[in-house]
Amino acid sequence: MSVRVLLVEDHRIVREGLRCLLENQDGFEIVGEAEDGRAAVDLAKQHQPDVILMDIGMPNMNGIEAT
């Protein structure tokens, strides 16, 4: 059984790096990626991940508000 992860980070390069790190580990499944808090809330409702890796400082809605 995999841990379902939602990645939320406004910098694409960082998000891609996190995805690569997690995809190369057994037991993790990336269920979605968002670049701001609003998209994160929508994706969390849609995919219901086990874990959300959330950036705090983002445009539109920060990670604290989204959480």
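Is Q48 buried or exposed? Exposed, with a relative accessible area of 59%. Keep in mind that this is a predicted model.

Stay with Q48 for a moment. Q48 sits in the loop between α2 and β3. Its phi is near 45°, a positive value, and the residue is not glycine. Most residues other than glycine have a negative phi. N60 is another case: phi near 70°, again positive in a non-glycine residue. N60 lies in the loop between β3 and α3, residues 63-66. With a relative accessible area of 52%, N60 is exposed too.

Now the fold elements. Strand β1 covers residues 3-8, and strand β2 covers residues 28-34. They pair in the parallel sense, over six bridges. One register point: L7 has E33 as its bridge partner in β2. Helix α1, residues 12-23, joins β1 and β2 in a right-handed β-α-β unit.

Next, helix α2, residues 37-47, which holds A44. What does A44 touch, once neighbours within four places in sequence are set aside? L6, P49 and I52. For distance, take A44 and G32: twelve residues apart in sequence, 8.4 Å apart in space, C-alpha to C-alpha.

Last, the surface. V3, F28 and V51 form a nonpolar patch there. Together they have about 200 Å² of accessible area. V51 belongs to strand β3, residues 51-54. Why does V51 count as partly exposed? Because its relative accessibility is 37%, and partly exposed means between the 20% and 50% cut-offs.

Technical notes:
Residues are numbered from 1 along each chain as its sequence is written. This is a predicted model: local features need pLDDT of at least 70, side-chain atom pairs count only at pLDDT 80 or more; totals for chains, interfaces and linings use all residues. Side-chain values use heavy atoms; hydrogens and water are left out. Two strands pair if DSSP finds at least two bridges between them. Helices (H or I, at least four residues) and strands (E, at least two) are DSSP runs, numbered from the N terminus. A crossover is right-handed if, with the strands pointing away from the viewer, the path from the first strand over the helix to the second runs clockwise. Contact means heavy atoms within 4.5 Å. Patches are made of residues with over 30% relative accessible area and no salt bridge: like charges are joined within 9 Å, nonpolar side chains (Val, Leu, Ile, Met, Phe, Trp, Tyr) within 5 Å. Accessible areas come from the Shrake-Rupley method with a 1.4 Å probe; for residues, only the protein chains shown count as cover. A salt bridge is a side-chain nitrogen of Lys or Arg within 4 Å of a carboxyl oxygen of Asp or Glu. Buried means under 20% relative accessible area, exposed over 50%, partly exposed in between (1.4 Å probe, protein chains only).
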